[in-house]
Amino acid sequence: MSDLKSHISVVQSLAPASRTATANGTGVDLAGFDAATVVLDLGAISGTTPSFTFEVQESSDNSSFAAVAAADLDSGQPAAVTAGGAVVEIGYRGIKRYLRAAVTVVGGTSTPTLLCSATVVRGNPRKLPA
């Protein structure tokens, strides 16, 4: 099969929402796939000097998550996000079974708000669909 859809699977980690507080995404199971990329979709941002950070986290058991080491990411995690309207792709080279995105409010007043979501694109499936 030469179509891209047969070679990837897209799973939501952070549902689209207006974030005003720190949030952890849902863990995404990477079993059966040999590659993954976290895609952050950053929309409108508001508040006075709002600032947010994102972190890609990994886990062996889908319950105890920790930040992914920089060596296991093909691009750094975004520095403080202070403007919206961007899509950020972060490739994962680690070996843990579960992956998720987390967002943290790091600054701002007047209720800093960021419309955002995060998905995990799983690639290189060990078994292609029939």
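## A guided tour, starting at a salt bridge

Select Arg97 and Asp29. They form a salt bridge, with the closest N and O atoms 2.7 Å apart. Arg97 lies in the loop between strand E6 (86-92) and E7, and Asp29 in strand E3 (residues 28-29), so the pair ties together parts that are 68 residues apart in sequence. Keep in mind that this is a predicted model.

Now colour the two partners by accessibility. Arg97 counts as partly exposed because its relative accessibility is 41%. Asp29 is at 24%, so this residue counts as partly exposed too.

**Next stop: the other salt bridge**

How many salt bridges does the structure hold? The count is 2. For the other pair, select Asp34 and Arg126. Their closest N and O atoms are 2.9 Å apart. This pair links distant parts of the chain, 92 residues apart. Asp34 sits in strand E4 (residues 33-59), while Arg126 belongs to the segment after E7. Are these two buried or exposed? Both Asp34 and Arg126 are exposed.

**Next stop: a charge over a ring**

Select Phe65 and show its ring. Then add Arg100. Which part of Phe65 does Arg100 lie over? Arg100 lies over the face, at 4.0 Å from the ring centre. Do not hunt for aromatic pairs here: a search of the whole structure finds 0 of them.

**Next stop: Gln12 in strand E1**

Select residues 8-19, which make up strand E1, and pick out Gln12 within that strand. Gln12 has a relative accessible area of 45%, so Gln12 is partly exposed. Leave aside residues up to four places away in sequence, and Gln12 touches Val28, Ala118 and Thr119. Now draw a distance from Gln12 to Leu115. The C-alpha atoms of these two residues are separated by 15 Å, and their positions lie 103 residues apart along the chain as the separation in sequence.

**Next stop: Ser117 in strand E7**

Move to strand E7 (residues 98-125) and select Ser117. Is Ser117 buried or exposed? Ser117 counts as buried, because its relative accessibility is 14%. Show its neighbours next. Again without residues up to four places away in sequence, Ser117 touches Leu14, Ala15 and Pro16, along with Val39, Leu40 and Asp41.

**Next stop: a nonpolar patch**

Switch to a surface view. Select Leu4, Ile8 and Val10. Together they make a nonpolar surface patch of about 270 Å². Now single out Leu4, which is in the segment before E1. Leu4 counts as exposed because its relative accessibility is 60%.

**Last stop: two positive phi angles**

Select Asn62. You will find Asn62 in the loop between E4 and strand E5 (66-67). What is the phi of Asn62? It is positive, about 65 degrees, although Asn62 is not a glycine. Asn62 has a relative accessible area of 35%, so this residue is partly exposed.

Finish at Thr111, in strand E7. Its phi is near 50 degrees, a positive value in a residue other than glycine. Thr111 counts as exposed because its relative accessibility is 53%.

Definitions and conventions: Residues are numbered from 1 along each chain as its sequence is written. This is a predicted model: local features need pLDDT of at least 70, side-chain atom pairs count only at pLDDT 80 or more; totals for chains, interfaces and linings use all residues. Side-chain values use heavy atoms; hydrogens and water are left out. Rings of Phe, Tyr and Trp (its six-membered ring) pair if their centres lie within 6.5 Å; planes under 30 degrees apart count as stacked, over 60 as edge-to-face and the rest as tilted. A charge sits over a ring if NZ of Lys or CZ of Arg is within 6 Å of the ring centre and within 35 degrees of the ring normal. Helices (H or I, at least four residues) and strands (E, at least two) are DSSP runs, numbered from the N terminus. Buried means under 20% relative accessible area, exposed over 50%, partly exposed in between (1.4 Å probe, protein chains only). Contact means heavy atoms within 4.5 Å. Patches are made of residues with over 30% relative accessible area and no salt bridge: like charges are joined within 9 Å, nonpolar side chains (Val, Leu, Ile, Met, Phe, Trp, Tyr) within 5 Å. Accessible areas come from the Shrake-Rupley method with a 1.4 Å probe; for residues, only the protein chains shown count as cover. A salt bridge is a side-chain nitrogen of Lys or Arg within 4 Å of a carboxyl oxygen of Asp or Glu.
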